[in-house]
Amino acid sequence: MHFKRLTALAFASCCIAAVTPAIADTVQAPQGLDQSATLLLTDLPVFAPASGLAQSIIPDASTFAPKATVATAQDAQEADAVDGDDEDDSLVAAATARLAGHVDGHAREALLAFAMKLRDIRYHRGGRTPTAGFDCSGFVRYVFAKSIGLDLPTNSASQFLAGLSVKRTEMKTGDLVFFRTRGKAISHVGIYIDNGQFIHSPSAGKTVRVDSLNEAYWSKHFAGAKRPEGIAKI
């Protein structure tokens, strides 16, 4: 009986000794899996969102270098545009100052004084400058542009249409006087001075001069007076 018990105990001990390494290997297997998982987490960037997120939030400063260069060039262009606007404003301001008759009362006088300096310049059909000579509308347009900075249409007919009608008894210095010298169309223009007188560039073979509306020829062909809108309030 004792021999059977001893035999059974010995057999059990052998079984335990044989099974123990297998159990040990089984227990250590999960540790091997943990190490593999750790390696995967270390080697694969997709499992490291923190570092990727940091890169997206704090980009490399070099990525901004080209944008800074473009911005600098654009700023320079905008600065040039502002300078250009300032120059345009200065020109407008200068013209406005010359037109300030409603303030200082001298714009019409300045216009007339300038026109009088052009007396004796020869007539030239289509002429627009003192060097080339003047026709009637070229003379008027040149005087207004150079004395008070006001641009008028290029011919007498269009100058007539652009102006405001003025009664003969209400004409002022600088108003335009128009004539029909060839049929019913407006064909001649001059600048009114005062007391029925006007200055103009008459015709071929003549020069810029002063004439009177009371003369038979000009009285017969007189078509009316117009006031350019640029001096309407002066």
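The legends below describe close-up views of a predicted model.

**View 1. The largest pocket and the residues that line it.** In this predicted model, the largest pocket holds about 370 Å³ of space. Its lining is made up of 17 residues, and those that lie nearest the centre of the pocket are Tyr123, Cys136, Arg182, Ser187 and His188. Two elements, helix 6 (136-148) and helix 8 (216-221), each give two or more residues to this lining. When the lining residues are sorted by kind, 6 are nonpolar, 7 are polar and 4 are charged.

**View 2. Helix 6, a mostly covered helix.** Helix 6 is built from 13 residues and reaches 18 Å from its first C-alpha to its last, which is close to the 18 Å expected at 1.5 Å a residue. Of the 13 residues in helix 6, 10 are buried, and among them are Cys136, Phe139, Tyr142, Val143 and Ile148. Cys136, buried in this helix, is also one of the residues that lie nearest the centre of the largest pocket.

**View 3. Gly149, just after helix 6.** Gly149 has its place in the loop between helix 6 and helix 7 (156-162), and it takes a positive phi of about 70 degrees. Gly149 counts as partly exposed because its relative accessible area is 28%, a value that falls between the 20% limit for buried residues and the 50% limit for exposed ones. Although Leu111 is 38 residues away from Gly149 along the chain, the C-alpha atoms of these two residues are separated by 9.9 Å.

Key: Residues numbered from 1 in each chain as written. Predicted model: local features only at pLDDT ≥ 70, side-chain atom pairs only at ≥ 80, totals over all residues. Heavy atoms only, no water. 1 Å grid on protein atoms, 1.4 Å probe; cavity = no way out; pocket = protein on both sides within 12 Å on 5 of 7 lines; lining within 4 Å. Points joined across faces, edges and corners; volume = space filled by probe spheres on them. Helix = DSSP H or I, 4+ residues; strand = E, 2+ residues; numbered from the N terminus. Nonpolar A, V, L, I, M, F, W, Y, C, P; charged D, E, K, R; others polar. Buried < 20%, exposed > 50% of the residue type's maximum accessible area, 1.4 Å probe, protein only. Expected span 1.5 Å × (residues − 1).
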